Each structure stands twice: as C-alpha cells, then as structure tokens.
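Reader: Hi! I'm new to reading protein structures and would love a close look at one part of this one. Could you walk me through it step by step?

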Amino acid sequence: MESVTNANFGPLIAYLVPGATVLVGFSQFSPVLRSWFGASPADAPTIGGFLYLTVASIAVGMTVSAIRWAFVDTLHSYTGLPLPVLNFSRLGKNVAAYGLLIEIHYRHYQFYSNEFVATAIAYACYRVKLGGFWPLGWLDLAFVVLEVIFLATSRDTLHKYYLRSQQLLASDAALKPLAPAPIRRRERHPTDHENPTPGP
C-alpha cells in the first residue's frame with residue numbers, strides 16, 4: 001500500500017478504517033478473515049491476503065457509508081442540521097477552497113459517522129459470538145461511551161462543513177432577503193373617461 005499522503009488520507013479514514021472495523025467484527029466467524037488480519041508475526045498476512053483485506057475494507061466501508069447516509073444523515077437533518085442550499089455556479093474560482101472544506105470537515109464527518117455505524121456492527125457481532133447481551137462489562141460501557149463520542153463529533157464536523165460551505169457557496173436567496181411584492185395599481189377601464197370618479 002502507498003504511504004499515507006494528503007491525497008489518500010481522506011478516503012483512508014472515510015472508507016478503509018470503518019470497513020476494516022466491520023471486518024474485525026465479522027472475523028470472529030471467519031477463519032479466512034482472521035488470517036487476513038494476522039494477529040501475530042507468525043500469522044502475518046500474505047501479500048494476497050493484505051490486498052484482499054484492503055479491497056474488502058474499502059467495499060465494506062462504502063456499504064457502511066450508504067447505511068450512514070440512510071440513518072445518521074437523516075437523524076442529523078431531522079434534529080436541526082438540514083442540508084444547506086448552495087449555489088454551485090459560484091464554484092469556479094472557489095474549487096480549491098471547497099475541496100479544502102471537504103478534506104478538513106466532510107472527510108472527518110464521514111469517518112466519525114461511518115465509525116459510529118461500523119462500531120455498532122462490530123459490537124453486534126461480538127455479542128452474537130457471546131450468545132447474548134449478558135453479562136455486561138467494561139467493554140460494553142466503552143462501546144456506549146465511544147458511540148456517544150462518535151455521534152457528537154460527527155454532528156460537530158457536519159455543522160462546520162455545512163456552515164463554511166454555505167459561507168463559500170451561499171445561494172442568492174440565502175444571501176438576500178426577499179424583496180417586497182410590488183404594489184399593483186388598478187388599471188383604468190376604457191370607459192372611465194366617460195364616467196370619471198368624483199374627487200374628494
């Protein structure tokens with residue numbers, strides 16, 4: 001795998017890491033997945049196994065992102081973070097700035113929200129492997145605390161992304177108050193000159 005750079009850091013945290021988190025959960029039921037992860041140096045994954053793990057993590061991460069879009073994005077939208085109205089005709093000279101907003105805010109939102117979903121799936125796999133939800137322990141408390149942090153942080157990063165992208169690409173309607181409707185004068189009827197209305 002290439003070294004981590006600014007060009008691949010965003011997709012790495014947005015898709016690869018959440019996808020790998022889900023695969024860790026599923027690895028409890030699959031010897032093949034466990035061999036891909038290679039928990040000890042003696043069981044280090046082969047080049048083929050590492051490639052499969054990377055591709056599978058990206059694919060699963062994209063699936064997790066779709067689940068996140070359906071549930072987490074909807075939750076944020078219904079609780080006060082609706083998608084802002086943006087005017088992409090302003091994008092021209094602002095392409096670099098908009099790309100920066102995606103990298104420093106939206107990619108991080110994808111990580112936190114996707115990890116929120118991925119951790120829930122991995123935890124469900126862990127509980128299925130144990131055969132139920134009892135007994136509870138420190139790991140369960142850590143799961144709840146981590147999920148709360150992931151959800152809160154995802155909301156914060158999404159808010160910053162929406163706010164700053166709207167500042168950059170706000171639509172004309174968002175920038176200007178609506179103009180008052182013009183007052184329409186009554187049109188004179190052609191026969192008004194024959195029967196003029198008396199003045200005061």
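To get my bearings, in what order do the elements of the protein chain run from the N terminus on? After that, please take me to helix H5 (residues 138-169).

Author: Happy to! Keep in mind that this is a predicted model. Starting at the N terminus, the elements run α-α-α-α-α-α: the protein chain has 6 helices and 0 strands. Of its 200 residues, 32% are buried. Among contacts with a separation of 6 or more, 79% are between residues 24 or more positions apart.

Now for H5, which covers residues 138-169. Its 32 residues should span 46 Å at 1.5 Å a residue, and the end C-alpha atoms are indeed 46 Å apart, so the two values agree.

Let's begin with Trp138, which is found in this helix. Its relative accessibility is 73%, and because exposed means over 50%, Trp138 counts as exposed. Together with Leu141, Val145 and Ile149, Trp138 forms a nonpolar patch on the surface, and the four share about 460 Å² of accessible area. An α-helix has 3.6 residues a turn, so residues three or four places apart point the same way. You can follow that idea along the numbers of the patch: Trp138, Leu141, Val145, Ile149.

Other residues of H5 are buried, including Asp140, Phe143, Glu147, Phe150 and Ser154. Further along, Thr157, Leu158, Tyr161, Tyr162, Ser165 and Leu169 are buried too. For the wider setting, the accessible surface of the protein chain comes to about 13,400 Å², with 68% of it belonging to carbon and sulfur atoms.

Conventions
Residues are numbered from 1 along each chain as its sequence is written. This is a predicted model: local features need pLDDT of at least 70, side-chain atom pairs count only at pLDDT 80 or more; totals for chains, interfaces and linings use all residues. Side-chain values use heavy atoms; hydrogens and water are left out. Patches are made of residues with over 30% relative accessible area and no salt bridge: like charges are joined within 9 Å, nonpolar side chains (Val, Leu, Ile, Met, Phe, Trp, Tyr) within 5 Å. Accessible areas come from the Shrake-Rupley method with a 1.4 Å probe; for residues, only the protein chains shown count as cover. A salt bridge is a side-chain nitrogen of Lys or Arg within 4 Å of a carboxyl oxygen of Asp or Glu. Helices (H or I, at least four residues) and strands (E, at least two) are DSSP runs, numbered from the N terminus. Buried means under 20% relative accessible area, exposed over 50%, partly exposed in between (1.4 Å probe, protein chains only). The expected span of a helix is 1.5 Å times one less than its number of residues. Contact means heavy atoms within 4.5 Å.
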